[in-house]
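This briefing takes up three topics in turn: charged side-chain pairs, one sheet with its packing, and internal cavities. Please read it alongside the sequence and the coordinates shown below.

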Amino acid sequence: MNEQKEQITGALFKQMVLHGAAAINAQKQAINDLNVFPVPDGDTGTNMSMTIGTAVTELRKATPATLTQAADLTASALLRGARGNSGVILSLLFRGLSKGLKGMETADADAFSAAMQEGVSAAYKAVMKPAEGTVLTVSRLAAKEAVDTVAAGETRLDAVLEAAIRKGYETLAQTTDMNPVLKKAGVVDAGGKGYLLILEGMLAALRGEPLPEVAEGAAEEEKADFAALSLEDITFTFDTVFIVRKTGNKPLEPFRAYLSSIGDSLVIGEDDEAFKVHVHTDIPGAALTEAQKYGTLELAKIENMRTQAEDLAAGKQAQSTDDLDAVEEELEHSEAPEAPAVAPPEKKYGFLAVCAGEGLAAVFKDLGADGVVSGGQTMNPSTESILEGVNRIPAETVFVLPNNGNIIMAAQQCGALTEKQVVVIPTKTIPQGITAMMNVDFDAPDADAITEAMTGSLSSVTTAQITYAARDSDFDGFTIREGDYLALEEGKLFGTDPSIDALLEKLADQAMARSAEFVSLYFGEDVSEEDARRASEIFQARCPESEVAVLSGGQPVYYYIISME
């Protein structure tokens, strides 16, 4: 029979968070699949899992002596690691929980349920326009049920949390009817589902259940089984394993794609500070050289699998790569690098943009941006990543351009974490960000004047984007097949077609209907210059009075980002 806990201690809270993280990580793809919009996205399950994963990294290094220490450490890590709106709301729920547990060595059911309500209050206060039928509704009614259960005389922590989860799932089922978009798709709210999974994991820890073994993104290294190999089985010669200490926040997706192109059996395990790679390839030197674009090479081991197979056939012992595991263990438990120094102010104003693609980064820098944080659709940067960018800029006030609606909240958390004044301009698209930068008066008398000019300019530009359908969907009157081209206008589905030229023609007609004077096409990493030139010709033919420009953005996900002014 599982041991029942009467008080939550610091050690138990740590275990509850570890269990909660494992629970959502195990089902993050199922949560991602609740996303009703067919566009590739920084999905809820991924963002919430990565957000709470930052707390796991910190908690594993610590032995909190009190509950308040454990809760504070968790809240701080979540705040800095928050990704996407769902991750920010999750961090706020834990921040309020930490506030409610402030100064406590332990907590009983009464104190913990009250702290849950404090978490809900923190989340509601931080969201500009709280929407019901979301994780906010689920967390609010779950916390209320916890408090009501205690008021009814229940003192067992697990029974109180179980009641809260039960009410949460009842509420989750109702979110389908609360939100018209969810109702049309026939799904429940993804954020609410993710939060309940975390609570279920925490309940499992309360009941003394073992931490589930979950295949995480930071998977165990696949080791070559040399004994089972014959020379005919070996496609690539060298079993290559290495560890890289990160020196920035550059996403690993391009590196993953590169390694896949030069080898197989690829596994990349990643945490906030380092990543470990296992790959079979014929050119290990090229893999190591490319890796150094992402950080400092800590250790590498390369084994010739053909030689190993020959040695085994001759009865010799194959050399092992297990010593890398010891190094990885050391890295995981080493002290985290010091927080980035705050650059002393050399000027009044600085500007930081979030975007993906070398071409777009160059555009922002040409317009006066002091720094660029890599990120955007499908790879929402954490608050910590944005904060590092803010701190590196030698200015008193730093204006941040998130350029994505799912990054705005993460950027807004930076203000409380730095001595610099942070002003977030609510840009939801790249063209809005570019337009905002074009309206900066660098000699303005005060920050308010710059804020007003940048924010006021956002309505002057219309954004269109062409991407691909990430899933089959019946959405907003469109029957969509996975892999079809999708056109968006101002974030709403504009059209879908197997032909990208057909969508370009429809968007060009839309630009003409809007009497756009300036049309800019930023083409992505998967578009050739020839195709981009043809796209600009389509727009020029339909908008003969418009000034049409085509530029290499180099962005992933979107074949074209189109600005109409």
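Lys293 and Glu290 form a salt bridge in this predicted model, and the closest N and O atoms of the two residues are 3.1 Å apart. The two partners differ in their surroundings: Lys293 is exposed, with a relative accessible area of 51%, whereas Glu290 counts as buried at 18%. Because the limits for these classes are over 50% for exposed and under 20% for buried, Lys293 at 51% falls in the exposed class and Glu290 at 18% falls in the buried class.

**Salt bridges**

- Across the whole structure, a search finds 16 salt bridges, of which the pair of Lys293 and Glu290 is one.
- A further salt bridge joins the side chains of Arg80 and Glu384, with an N to O distance of 3.0 Å; this pair links distant parts of the chain, since Arg80 belongs to helix 4 (residues 67–81) and Glu384 to helix 16 (residues 383–392), 304 residues apart.
- Within that pair, Arg80 is partly exposed at 28% relative accessibility, while Glu384 is buried with a relative accessible area of 19%.
- The side chains of Arg542 and Asp509 also meet in a salt bridge, again described by an N to O distance of 3.0 Å; because Arg542 lies in helix 21 (residues 529–542) and Asp509 in helix 20 (residues 500–513), the pair ties together parts that are 33 residues apart in sequence.
- Both members of this pair are partly exposed, Arg542 at 29% relative accessibility and Asp509 with a relative accessible area of 35%.
- Asp158, Glu162 and Arg207 are joined into one network by salt bridges that share partners.

**The six-stranded sheet**

- Six strands make up an open sheet with mixed pairing, and their order is 13-12-9-16-14-15.
- Strand 13 (492–497) and strand 15 (547–552) stand at the edges of this sheet and have a single partner strand each, so that one side of each remains without a neighbour in the sheet.
- On average, and with direction ignored, neighbouring strands of the sheet are turned by 20 degrees against each other.
- The edge strand 15 pairs with strand 14 (residues 518–523) in the parallel sense over six bridges, and here Tyr522 stands opposite Leu551 in strand 15.
- Helix 18 (residues 430–438) packs on the sheet, where it touches strand 9 (462–468), strand 14 and strand 16 (560–564), and the direction of helix 18 makes about 45 degrees with that of strand 16.

**Cavities**

- The structure holds three cavities of 30 Å³ or more, and the largest cavity has a volume of about 90 Å³.
- The lining of the largest cavity consists of Leu93, Phe94, Leu97, Phe112, Ala115, Met116, Gly119, Val120, Tyr195, Leu199 and Met202.
- At least two residues of this lining are supplied by each of helix 5 (84–100), helix 6 (109–126) and helix 10 (190–206), and helix 6 contributes the largest share, with five residues.

Terms used:
Residues are numbered from 1 along each chain as its sequence is written. This is a predicted model: local features need pLDDT of at least 70, side-chain atom pairs count only at pLDDT 80 or more; totals for chains, interfaces and linings use all residues. Side-chain values use heavy atoms; hydrogens and water are left out. Two strands pair if DSSP finds at least two bridges between them. Helices (H or I, at least four residues) and strands (E, at least two) are DSSP runs, numbered from the N terminus. Axes are lines fitted to C-alpha atoms, for helices over the stretch in contact, and angles run from 0 to 180 degrees between N-to-C directions. Contact means heavy atoms within 4.5 Å. A salt bridge is a side-chain nitrogen of Lys or Arg within 4 Å of a carboxyl oxygen of Asp or Glu. Buried means under 20% relative accessible area, exposed over 50%, partly exposed in between (1.4 Å probe, protein chains only). On a 1 Å grid over the protein atoms alone, a cavity is a set of points where a 1.4 Å probe fits but cannot get out, and a pocket is an open set with protein on both sides within 12 Å along at least five of seven lines; lining residues have an atom within 4 Å of a point. Grid points are joined across faces, edges and corners, and a volume is the space filled by probe spheres set on the points.
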